[in-house]
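Got the viewer open? Load the model, switch to cartoon view, and follow along one selection at a time.

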Amino acid sequence: MTSGKQHNTNKGQKLNLQPIRKPEDINMVEWFLSRNKMVKRDKLLFQFGINTGLKASDIITRKVGELRRALNPYIIDEKTHKRRHLNLTMLEKKIGSYFSDKNDDDWLFTSYKNRSKHITVNGVYQILQKLRKEMGKPCFVTHTLRKKFGHHYYKRTHDIATLMKIFNYSSQKIIKRYIGVTDDEINQLQNNFRLG
């Protein structure tokens with residue numbers, strides 16, 4: 001049995017908000033995003049989300065200049081007001097080509113209707129809802145990208161302490177539930193661990 005936050009839908013159904021787990025789902029998302037009007041923005045937004053673990057509200061307020069100057073900028077978390085270090089090395093090529101024609105004061109992810117403003121959290125939600133319908137997957141909400149990062153970071157590193165710091169969580173139990181790590185998965189990891 002997997003754990004995960006659940007939300008009610010319009011029809012009273014519950015959505016199991018598990019992270020995107022399969023690599024083929026990432027490829028499918030990229031393919032569907034390539035059909036959007038703002039392909040480059042939406043693809044980078046998706047990549048930014050699954051590679052940083054930022055909340056949507058912190059992704060949309062990034063400016064070109066802060067990323068042009070450094071691939072490891074510090075940002076202020078909008079909710080907690082705490083300083084957080086980003087590592088964007090894995091996105092260097094995508095980011096560089098994306099904003100080569102932009103000014104430092106430009107928003108990284110602009111609104112479709114008004115390029116002088118950034119996309120809103122609701123705008124990100126709408127992109128993900130479109131994906132949900134096209135892909136037939138009930139799990140795309142704004143936290144899906146963050147959960148994707150957290151789940152796969154943990155699966156690759158097994159470093160819950162660092163992940164807690166990245167996400168600013170104080171409880172291992174809460175963060176494991178948030179990223180969809182089950183007791184069965186933890187037991188399976190421990191099956192292969194032996195000292196002596």
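Start with the whole chain: of its 196 residues, 43% count as buried, where buried means under 20% relative accessible area, exposed means over 50%, and partly exposed lies in between (1.4 Å probe, protein chains only). Keep in mind that this is a predicted model, in which local features need pLDDT of at least 70 and side-chain atom pairs count only at pLDDT 80 or more, while totals for chains, interfaces and linings use all residues. Residues are numbered from 1 along each chain as its sequence is written, and side-chain values use heavy atoms, with hydrogens and water left out.

Colour by secondary structure and you'll find 10 helices and four strands; these are DSSP runs numbered from the N terminus, with helices being H or I of at least four residues and strands E of at least two. Walking along the sequence, the order is β-β-α-α-α-α-β-β-α-α-α-α-α-α. Among contacts (heavy atoms within 4.5 Å) between residues at least 6 apart in sequence, 54% join residues at least 24 apart.

**Stop one: α1 and α6**

Select residues 23-33, helix α1, and residues 121-135, helix α6: they pack at an angle of about 110 degrees, with axes 11 Å apart. That makes α1 roughly perpendicular to α6, a label given to angles of 65 to 115 degrees. Axes here are lines fitted to C-alpha atoms, for helices over the stretch in contact, and angles run from 0 to 180 degrees between N-to-C directions.

Now show side chains. On α1, pick Asp-25, Met-28, Val-29, Phe-32 and Leu-33; on α6, pick Ile-127, Leu-131, Glu-134 and Met-135, and you have the contact. By class it holds seven nonpolar, no polar and two charged residues. For the classes, Ala, Val, Leu, Ile, Met, Phe, Trp, Tyr, Cys and Pro count as nonpolar, Asp, Glu, Lys and Arg as charged, and the others, Gly among them, as polar.

**Stop two: α2 and Gly-49**

Next, select residues 39-52, which form α2, the helix where Gly-49 is found. This helix is mostly covered, with 10 of its 14 residues buried. Among those buried are Arg-41, Asp-42, Phe-46 and Phe-48. Just after α2, click Gly-53, whose phi is positive, near 75 degrees.

Is Gly-49 buried or exposed? Gly-49 is buried, at a relative accessible area of 0%. Leaving out residues up to four places away in sequence, Gly-49 touches Leu-54, Ile-59, Leu-145, Arg-146 and Phe-149. Draw a C-alpha to C-alpha distance from Gly-49 to His-143 and you should get 9.1 Å, although the two sit 94 residues apart in sequence.

**Stop three: α7 and α9**

That distance leads you to His-143, which belongs to helix α7. With 34% relative accessibility, His-143 counts as partly exposed. From His-143, jump to Tyr-178: the pair is 35 residues apart in sequence and 9.6 Å apart in space, C-alpha to C-alpha.

Select all of α7 (residues 143-157) and α9 (residues 172-179); these helices pack at an angle of about 115 degrees, with axes 8 Å apart. They are therefore roughly perpendicular to each other. To see the contact, show His-143, Arg-146, Lys-147, Gly-150, His-151 and Tyr-154 on α7, plus Lys-176, Tyr-178 and Ile-179 on α9. Those residues divide into three nonpolar, three polar and three charged.

Technical notes:
Parallel < 35°, antiparallel > 145°, perpendicular 65-115°, else oblique.
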